[in-house]
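Visitor: I'm new to this one. Can you put it up so we can go through it?
Guide: Here it is.

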Amino acid sequence: MTFEREREQMITDIESGVAFTRAMTGRNHLDPRVMEAMRRVPREDFVPADIRASAFRDGALPVGHGQTISQPYIVALMTDLLELTDAGIVLEIGTGTGYQAAILSQLARQVYSIERIPELAQTAQQRLSELGYGNVETRCSDGYLGWPEKAPFDGIIVTAAAPEVPPALLAQLKAGGRMVIPIGLPYSHQELMLVTRGPQGKTDTRKILGVAFVPMVEGT
Ligand code: SAH
C-alpha cells in the first residue's frame, strides 16, 4: 500500500482544519514548508503496525502505553506556530512515536526530544535513525526539567498537557523564541498556548485553541 491517496486526503483535512479554526488561530494558511513536511514524512511508518491502515485518519490515534499520536492538523498547526528557521534548535517534550520530531527535523537544524516512557523512547529513536532523520536526538527523562545541556532553544513544543508552563522550560527558551504547549488538567478543558519571549526576555502568552492531550506526567 502506498498511501498516496490517504496522504492527499490528510493534506485536504489539514487545510479544512485551518479554515475552520482561522478566527481563533489568526492563520489563513500554514507555512508551505510545514505542509511540505507533512507530505514528505511517512506517517504510516510511525504508528503501530496493527493500525497502519488508519494512519491518515483525521484524528488522534492510540500508540500504546496509553499514549496517542496527535491529529495531523494539530501536528501541523503546532509546528507552524513555532515559526522555525533552518538554523533553529528545537526541543520537544513527549517523543511518543517520533512523528512530530520527524516533522520538526525538516524545518530546523537540530531537534532534541524527551520521552519519559523507556519503551517509547527506545522505539522512537530506533525508528528515527532507520528512516534517516539524523538531526533528531532523543533521551528518556522527565521533560518537566527540559534539557539544560542543550539550551537555550529557538522553539519548544510540548505534546502532553501540563497544568501550567513548567518554569524550567520557560528558562530554556531563547530571547525571540516561541513555545507551544497545551495547558490544562488531565481529561478536562485544555488550551493550546503560544508563549513568545521578546528580545529583552519579556514573555507573552496567548491562547490559541481548545485541545485534548494526554497528561504531562512529572517524574520518570
Ligand atoms: N509527539 C508524539 C505524541 C506525544 S503523546 C508523537 O508525535 O507521536 C505524549 C507523550 O508525552 C507520551 O509519549 C508521554 O509518555 C509523554 N510524556 C508525558 N509526560 C512526560 C514528561 N514529563 N516528560 C517526557 N515525556 C512525557
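Visitor: Which residue stands opposite Q67 in β2?
Guide: G64 stands opposite Q67. One caution: this is a predicted model, where local features need pLDDT of at least 70 and side-chain atom pairs count only at pLDDT 80 or more, while totals for chains, interfaces and linings use all residues. Residues are numbered from 1 along each chain as its sequence is written, and side-chain values use heavy atoms, with hydrogens and water left out.

Visitor: How do β1 and β2 pair?
Guide: In the antiparallel sense, over three bridges; β1 is residues 61-64 and β2 is residues 67-69. Strands pair if DSSP finds at least two bridges between them. Strands (E, at least two residues) and helices (H or I, at least four) are DSSP runs, numbered from the N terminus.

Visitor: And what is the phi of H65?
Guide: Near 55°, a positive value in a residue other than glycine. H65 is in the loop of the β1 and β2 hairpin, which has two residues between the strands.

Visitor: Switching to the ligand. Where does the ligand sit?
Guide: In the largest pocket. A pocket is an open set of points on a 1 Å grid over the protein atoms alone, where a 1.4 Å probe fits, with protein on both sides within 12 Å along at least five of seven lines. To sit there, a molecule needs more than half of its atoms within 2 Å of the grid points.

Visitor: How many residues surround the ligand?
Guide: 27, and the closest are G94, T97, E115, G143 and V217. A residue counts if one of its heavy atoms lies within 4 Å.

Visitor: Which element gives the largest share of that shell?
Guide: β2, with three residues. β2, β3 (89-93), α5 (99-105) and β4 (110-115) each supply at least two.

Visitor: What about polar contacts to the ligand?
Guide: These are pairs of N or O atoms within 3.5 Å. A polar side-chain atom of D142 lies 3.0 Å from a ligand nitrogen, and an N or O atom in the side chain of T159 is 3.1 Å from a nitrogen atom of the ligand. The backbone takes part too: a polar backbone atom of Q100 is 3.0 Å from a ligand oxygen.

Visitor: How much of the ligand's area does the protein cover?
Guide: 99% of the 580 Å² of accessible area that the ligand has on its own, by the Shrake-Rupley method with a 1.4 Å probe.

Visitor: Last one: which residues does the cis peptide bond join?
Guide: A151 and P152, with omega about 5°. P152 is in the loop between β5 (136-140) and β6 (153-158).

Key. Polar contact = N/O pair within 3.5 Å; in protein donor to acceptor, adjacent residues only side chain to side chain. 1 Å grid on protein atoms, 1.4 Å probe; cavity = no way out; pocket = protein on both sides within 12 Å on 5 of 7 lines; lining within 4 Å.
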